[in-house]
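Biologist: Please take me closely through a single part of this chain, and set that part in its surroundings as you go. I would like one connected account that also says how far the model can be relied on.

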Amino acid sequence: MQFNPAGQQPPVPPAQAFEHMSMGGMGGAMGAVGGMGGMAPMAPSAAEQAAHAAAGGGGGAGEPLLGVICPGRPMTCAWQITEATRAVMVDHITAANEVPDILIALLPDRPFLSAEQAAIIYWTSDGATWSLLGAIAQQKPSAMLRTGWGTALEPGAVVQLAVSIEPMQVAANLGLDMLAAGGHEERRTFARAIARDLWNFLTSFSQKAPSGGAIQTNGEMMLIPTNVLDSWLKRFDSKYARDPNFMMKGDG
């Protein structure tokens, strides 16, 4: 079923986000997996894909829901709808360990999100364990997401993406509350994470201050070498090459 152009339909409730589109003959046969709170859809099995093709499902053409771009590779936008609010990307991402970033974007002629919803993106390399990648929304219709696949995956690994349409509150509970402020808040969070990494590096030069000196301290001082920034940048570049998202994973 084709849906109406933008502006000619009311906001779509979360439980009906994809119901006005083709279900690809799959119906609701595929349930959710544990992964991230049971919200990511299960990838179709080989038997289900074969049955889908035999039923005239279009050979996996899928529905154009979200645009996905791995830098340096062609864009793909075909998704297989598995439930009223969930879908999996038809094309798999090959050599995913070589993809440090991925662009996800809403398509201008596919308005399935309301202002109170987020499209939460998950990924899997084994079809069973799903991990959170990021999210987009009307307030932030595209995002460049850092994958971390360079260290999480073996060379030549293949990844499949899934999308789950959820209320904005669910996105906030998953730590994606920056969606409400759009890309500016995301850049601020990323910049603060880099600054925190530099500070943590500088604190490694802390030592106990000598007593009785003329300089008032809180009991500690830093003796910093003149090449401290060069050393930090070398360390930062090495860690970033292994995992572009390292600074977002903690204070270390």
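**Strand 3 and its surroundings**

Modeller: A hairpin of two residues links strand 2 to strand 3, and that turn is a convenient place to begin, with the caution that this is a predicted model. Strand 2 covers residues 76-83 and strand 3 covers residues 86-89; the two run antiparallel and are joined by four bridges, one of which pairs Glu-83 with Arg-86 in strand 3.

Strand 3 also pairs with strand 8, again antiparallel, here through three bridges. Within that pairing, Arg-86 has Ser-164 as its bridge partner in strand 8, while Val-88 is matched with Ala-162. Arg-86 therefore has a bridge partner in strand 2, namely Glu-83, as well as one in strand 8, and relative accessibility under 20% is what counts as buried when the faces of the strand are considered. In a regular strand, side chains alternate between the two faces of the sheet. On one side of strand 3 lie Arg-86 and Val-88, on the other Ala-87 and Met-89, and all four are buried, which leaves both faces covered.

Strand 8, residues 160-167, is itself mostly covered, with seven of its eight residues buried. Strand 5, residues 117-124, is joined to strand 8 by eight bridges in an antiparallel arrangement, and Gln-117 there stands opposite Pro-167.

After strand 3 the chain enters a loop leading to strand 4, and Ala-95 is found in this loop. Ala-95 has a positive phi of about 45 degrees, although it is not a glycine. With a relative accessible area of 21%, Ala-95 counts as partly exposed, because the buried class ends at 20%.

The strands named so far also contribute to the packing of the interior. The largest nonpolar core has 29 residues, and those touching the most other members are Leu-66, Trp-79, Ile-93, Ile-102, Ile-104, Trp-149 and Leu-161. Strand 3 is one of the elements that give two or more residues to this core, and strand 2, strand 5 and strand 8 are also among them. Leu-66 shows how such a member is surrounded: beyond its neighbours within four places in sequence, its contacts include Trp-79, Ile-104, Phe-112, Ile-121, Ile-136 and Val-163. A second core of eleven residues lies apart from the largest one, and Ala-162, the bridge partner of Val-88, is among its members, as are Ile-120, Ala-137 and Leu-176. In soluble globular proteins, nonpolar side chains tend to be buried together.

Cysteines deserve a separate remark. The structure holds zero disulfides; Cys-70 counts as buried at 6% relative accessibility, whereas Cys-77 counts as partly exposed at 25%.

For the chain as a whole, there are five helices and ten strands, and 40% of the 252 residues are buried. Of the contacts between residues at least 6 apart in sequence, 68% join residues at least 24 apart.

As for reliance on the model, the mean pLDDT is 73, and 64% of the residues reach 70 or more. Over residues 22-60 the pLDDT is below 50, although the model gives this stretch 70 contacts beyond near neighbours in sequence. Residues 1-15 likewise stay under 50, with 27 contacts beyond four places in sequence. Where pLDDT is low, the predicted coordinates should not be read in detail.

Technical notes: Residues are numbered from 1 along each chain as its sequence is written. This is a predicted model: local features need pLDDT of at least 70, side-chain atom pairs count only at pLDDT 80 or more; totals for chains, interfaces and linings use all residues. Side-chain values use heavy atoms; hydrogens and water are left out. Buried means under 20% relative accessible area, exposed over 50%, partly exposed in between (1.4 Å probe, protein chains only). Contact means heavy atoms within 4.5 Å. Two strands pair if DSSP finds at least two bridges between them. pLDDT is the predictor's confidence in each residue, from 0 to 100. A disulfide is a pair of cysteine sulfur atoms within 2.5 Å. A nonpolar core is a set of buried Ala, Val, Leu, Ile, Met, Phe, Trp, Tyr and Cys residues joined through side-chain atoms within 4.5 Å.
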